[in-house]
Amino acid sequence: MRLNGRLDIAGAAAIDMRMSLLAGSSRAVAVDLTNVSFLASMGIRTLLVTAKSISSKGGKMVCFGANHDVASVIETSGISMVLPLKTDLDAAVAAVTS
Amino acid sequence: MLHEPSNVRTIVIDSRVEEVERLSTWVEAAASESPLIAAHSFKVQVCIEEAVANLILHGFRGEPGHPIEVCLTESVDELLLEIKDRGLPFDPRNVAEPELLTSIESVPIGGIGIHLMRNMTRSIDYASGETGNNLSLVFADTRTEG
């Protein structure tokens with residue numbers, strides 16, 4: 001799953017449905033944040049809801065490719081403990097398929 | 001302590017979700033004119049988003065038509081962000097820190113915004129009275145630290 005743009009209050013609302021459908025149909029998900037320019041708690045909420053849904057079905061979700069600022073939000077929020085952030089696609093795929 | 005204000009920037013938006021991105025554009029424009037704002041630009045944008053999103057969704061219960069004033073005040077080595085409104089009062093200082101996350105199943109959905117604000121600022125202050133609510137966030141100038 002590749003996300004683009006701002007994961008703010010408006011951006012999160014715009015992808016909620018897509019992420020919900022993804023959670024309902026997938027067990028191993030790598031979310032590409034390379035082109036996400038901004039992340040705040042509403043975007044984190046969307047990622048967490050999706051990851052929890054996938055996890056409840058025995059699957060796993062990780063994120064990768066975040067720029068410095070977006071990565072700092074993920075680290076500061078503390079969610080990287082439960083929603084791993086990987087540097088690239090290969091590491092993300094390895095994490096969800098292990 | 002804040003020194004004598006040398007530069008103040010103010011913007012007023014309406015209490016609508018579509019307005020929030022305009023605040024980031026405003027901060028980025030200010031950052032292009034000020035090294036101090038540029039040093040804190042992303043954190044300021046995150047904190048504005050958190051505070052204003054909370055105001056729109058809870059302070060005004062999703063109702064448009066209410067002004068939200070955002071001010072950035074530069075001093076010698078600190079940046080003051082103020083968010084002023086007349087919505088329902090909410091003091092973020094009263095919210096408990098979230099517990100350490102240990103598993104995806106136990107993650108609470110919510111409360112992360114205030115956690116981010118606390119960890120991205122030097123200090124948070126809040127006042128509420130007849131003239132409305134005023135949330136104040138101070139960002140320290142990292143260029144003078146360490």
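**Exercise 1. Explain why helix α2 of chain B can be called largely enclosed by the rest of the structure.**

*Solution.* Start with the burial count: 20 of the 25 residues of α2(B) are buried, so the helix is largely enclosed by the rest of the structure. Keep in mind that you are looking at a predicted model. Next, set the helix in its chain. Chain B has three helices and five strands, and from the N terminus on its elements run β-α-α-β-β-α-β-β. Buried residues make up 31% of the 146 residues in chain B.

Now follow the helix itself, which spans residues 35-59. A kink of about 65° is centred on B:Ser41.

**Exercise 2. Describe how α2(B) packs against helix α3 of chain B.**

*Solution.* Begin with the geometry. The two helices pack at an angle of about 145°, and their axes are 9 Å apart. The crossing of α2(B) with α3(B) is left-handed.

Then look at who meets whom. From α2(B) come B:Lys43, B:Val46, B:Cys47, B:Glu50 and B:Asn54, and they meet B:Gly113, B:Leu116, B:Met117 and B:Met120 of α3(B). Sorted by character, the residues of this contact comprise five nonpolar, two polar and two charged. The spacing within a helix is worth recalling here: an α-helix has 3.6 residues a turn, so residues three or four places apart point the same way.

Finally, check the α3(B) side, residues 112-120. Its buried residues are B:Ile112, B:Gly113, B:Ile114, B:Leu116, B:Met117 and B:Met120. They pack against α2, β4 (123-129) and β5 (132-140) of chain B, and also against α2 and α3 of chain A.

**Exercise 3. Find the residues with the most contacts inside the largest nonpolar core, and say which element gives the most to this core.**

*Solution.* The largest nonpolar core has 62 residues. Those with the most contacts inside it are A:Cys63, B:Cys47, B:Ile48, B:Val52 and B:Leu81. α2(B) gives the most to this core, with 12 residues. As a general background, nonpolar side chains tend to be buried together in soluble globular proteins.

Take B:Leu81 as a worked case. Leaving aside neighbours within four places in sequence, B:Leu81 is in contact with B:Val44, B:Cys47 and B:Ile48, and also with B:Leu72, B:Leu137 and B:Phe139.

**Exercise 4. Classify B:Arg61 and B:Glu74 as buried or exposed.**

*Solution.* Take B:Arg61 to begin with. B:Arg61 sits in the loop between α2 and β2 (67-74) of chain B. Only 12 or fewer other C-beta atoms within 10 Å make a residue exposed; B:Arg61 has 11, so it is exposed. Its backbone deserves a look too: phi is positive, about 50°, although B:Arg61 is not a glycine. For context, most residues other than glycine have a negative phi.

Turn to B:Glu74, which lies in strand β2 of chain B. The cut-off for burial is 20 or more such atoms, and B:Glu74 has 21 within 10 Å, so it is buried. B:Glu74 and B:Arg9 are 65 residues apart in sequence, yet their C-alpha atoms are 8.7 Å apart in space. For the chain as a whole, residues 24 or more positions apart account for 68% of the contacts in chain B with a separation of 6 or more.

**Exercise 5. Work out which elements of chain A touch chain B, and which of them gives the largest share.**

*Solution.* The contact takes 24 residues from chain A and 24 residues from chain B. On the chain A side, the elements giving two or more residues are α1 (9-25), α2 (41-56) and α3 (68-77). The largest share, nine residues, comes from α2(A). By character, this side of chain A divides into 14 nonpolar, five polar and five charged residues.

**Exercise 6. Compare the surroundings of A:Gly43 and A:Leu22.**

*Solution.* A:Gly43 lies in helix α2 of chain A. With 25 other C-beta atoms within 10 Å, A:Gly43 is buried. Beyond neighbours within four places in sequence, A:Gly43 is in contact with A:Leu7, A:Asp8, A:Gly11 and A:Ala12.

A:Leu22 is placed in helix α1 of chain A. A:Leu22 has 17 other C-beta atoms within 10 Å and is therefore partly exposed. Not counting residues up to four places away in sequence, A:Leu22 touches A:Met1, A:Val29 and A:Thr50.

Conventions. Residues are numbered from 1 along each chain as its sequence is written. Chains are lettered from A and ligands numbered from 1 in the order in which they are written. This is a predicted model: local features need pLDDT of at least 70, side-chain atom pairs count only at pLDDT 80 or more; totals for chains, interfaces and linings use all residues. The bend at a residue is the angle between axes fitted to the seven residues ending there and the seven starting there. Helices (H or I, at least four residues) and strands (E, at least two) are DSSP runs, numbered from the N terminus. Axes are lines fitted to C-alpha atoms, for helices over the stretch in contact, and angles run from 0 to 180 degrees between N-to-C directions. A crossing is left-handed if the near helix is turned anticlockwise from the far one by less than a right angle, and right-handed if clockwise. Two residues are in contact if their C-beta atoms, placed from the backbone, lie within 7 Å. Ala, Val, Leu, Ile, Met, Phe, Trp, Tyr, Cys and Pro count as nonpolar, Asp, Glu, Lys and Arg as charged, and the others, Gly among them, as polar. A nonpolar core is a set of buried Ala, Val, Leu, Ile, Met, Phe, Trp, Tyr and Cys residues joined through C-beta atoms within 7 Å.
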